[in-house]
Amino acid sequence: MATFSHESAFEAACEAGEIPGAVLVAADATGKFRYSKAFGKTAHGETLSTDSVMWVASCTKLVTAVAALQQVERGHIGLDDDIASTLQDLDALPVLTEFDENDQPVYEAREGKITLRHLLLHTAGASLPFFSSKLQHLVEMRGPPSTPPKSVVDEISDPLVFQPGTGWIYGVCYDWAGKLVERLSGLRLEDYMRANIWDPLGMRNVSFIPDSNPEMVKRRIGLSVKGENGKVLPTTEGYIQQYENLEDAWGGPGLWMSAESYLPLLQSLCANDGRVLSKPLVDEMFRPQLGPEAKKSLNDQLRTVDMARRVFANSFDMDHQVMDHGLGGQIGTRDEVGRRRAGTMSWGGMPNLIWFIDRTAGFCGALFTNLLPIGVVKVNQLEGLFEKAIYEQYEQFKKET
């Protein structure tokens with residue numbers, strides 16, 4: 001039986017109360033090599049298993065990217081078409097440029113079109129107060145809404161923070177992409193993804209509404225938070241942008257699922273097997289495609305902003321890495337020693353989840369946990385250890401078969 005050098009580190013982190021358990025999965029493109037293992041317990045006392053269901057937050061974005069690219073494949077929209085006829089609400093948003101001497105917002109009309117490519121690259125200028133100081137100040141000025149928003153569109157209709165295509169900023173682009181899928185397909189996002197992605201790939205325990213599925217309810221685990229002493233504590237707060245609070249689904253951060261249910265999607269894209277997306281579109285998905293301004297904006301953030309480095313770069317080594325972006329996640333353009341090859345796509349989810357697809361090596365995997373706050377350094381370090389160990393074992397496996 002194979003011995004994996006990362007496992008003792010995960011067991012020790014769980015025993016020390018540094019992480020509330022974790023689930024690790026990995027597979028090669030052929031499906032001949034597979035690994036899955038669960039570690040520890042949550043701060044609620046729940047024992048982790050490979051089919052534990054948790055809030056995966058922005059791991060949702062990869063699923064939404066596939067759903068949106070299926071619209072391209074079916075001829076409903078082009079990657080570089082104007083979204084104005086489908087997302088009129090987004091098309092109507094102005095660009096917030098600054099605040100004047102009286103501290104009043106200054107807007108300018110948007111120049112040029114917004115495209116699906118902009119949305120999937122985070123270059124449309126649609127962000128959130130958490131990531132934009134301009135939007136944060138705007139929200140502080142106007143105060144909370146008189147009534148809670150009832151739809152995703154109501155929640156994400158703040159002005160743009162730059163002209164489309166001229167920068168990179170994280171935010172609500174994938175929520176708009178989710179609305180695009182709904183309007184083009186005529187289906188709720190839940191129903192569309194189930195029919196066109198989840199069922200075809202055998203992704204069993206996945207939903208925007210986990211309480212609607214008895215099997216998911218049985219496997220659902222709670223969220224944990226790091227206390228002041230660095231130990232994990234149980235919490236019922238921190239869940240954001242949930243389906244139950246709105247009339248529709250968040251295409252950016254709304255899904256719940258298990259790690260073993262997510263792996264088939266990673267593996268399908270890694271293998272480019274055509275099961276949910278055509279081979280040419282998968283190739284386009286993994287092509288680094290930021291323009292010079294956007295690429296500089298992204299890499300400047302990753303190198304100079306500690307939060308961005310911990311969250312967006314996950315276990316990429318930004319002391320030597322140069323990042324780009326594909327249609328579904330960030331792309332490292334240089335090799336990571338002993339693990340991710342140049343061209344690897346990766347992203348994650350707010351409660352410190354991380355996934356990667358390395359098409360050059362023909363390998364993919366994920367770390368699932370449910371821990372706040374976002375960007376815990378220990379989790380990034382453990383994920384790096386996991387990758388190095390599992391790549392090493394995979395190379396040995398290939399020699400022996």
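**A covered helix, a three-stranded sheet and a pocket**

Helix α2 is mostly covered, with 13 of its 14 residues buried. The model is a predicted one, and the length of this helix can be checked against ideal geometry. At 1.5 Å a residue, the 14 residues of α2, residues 60-73, should span 20 Å; the C-alpha atoms at the two ends lie 20 Å apart, so the expected and modelled spans agree. After α2 comes Gly75, which has a positive phi, near 80 degrees.

The account turns next to a sheet. Three strands, in the order β8-β7-β15, make up an open sheet with mixed pairing. Its edges are formed by β8 (232-235) and β15 (371-372), each of which pairs on one side only. Strands of a sheet pair through backbone hydrogen bonds, in either a parallel or an antiparallel manner. Strand β7, residues 223-226, runs parallel to β15 and is joined to it by two bridges. Within this pairing, Val225 has Leu372 of β15 as its bridge partner.

The last feature is the second largest pocket, whose volume is about 290 Å³. Its lining comprises 16 residues, and those nearest the centre of the pocket are Asn314, Ser315, Phe316, Asp317 and Asn380. Which helices each supply at least two residues of this lining? They are α13 (306-311) and α14 (377-400). The largest share, six residues, comes from α14. By residue class, the lining of the second largest pocket divides into six charged, five polar and five nonpolar residues.

Notes: Residues numbered from 1 in each chain as written. Predicted model: local features only at pLDDT ≥ 70, side-chain atom pairs only at ≥ 80, totals over all residues. Heavy atoms only, no water. Helix = DSSP H or I, 4+ residues; strand = E, 2+ residues; numbered from the N terminus. Expected span 1.5 Å × (residues − 1). Buried < 20%, exposed > 50% of the residue type's maximum accessible area, 1.4 Å probe, protein only. 1 Å grid on protein atoms, 1.4 Å probe; cavity = no way out; pocket = protein on both sides within 12 Å on 5 of 7 lines; lining within 4 Å. Points joined across faces, edges and corners; volume = space filled by probe spheres on them. Nonpolar A, V, L, I, M, F, W, Y, C, P; charged D, E, K, R; others polar. Pairing = 2+ DSSP bridges.
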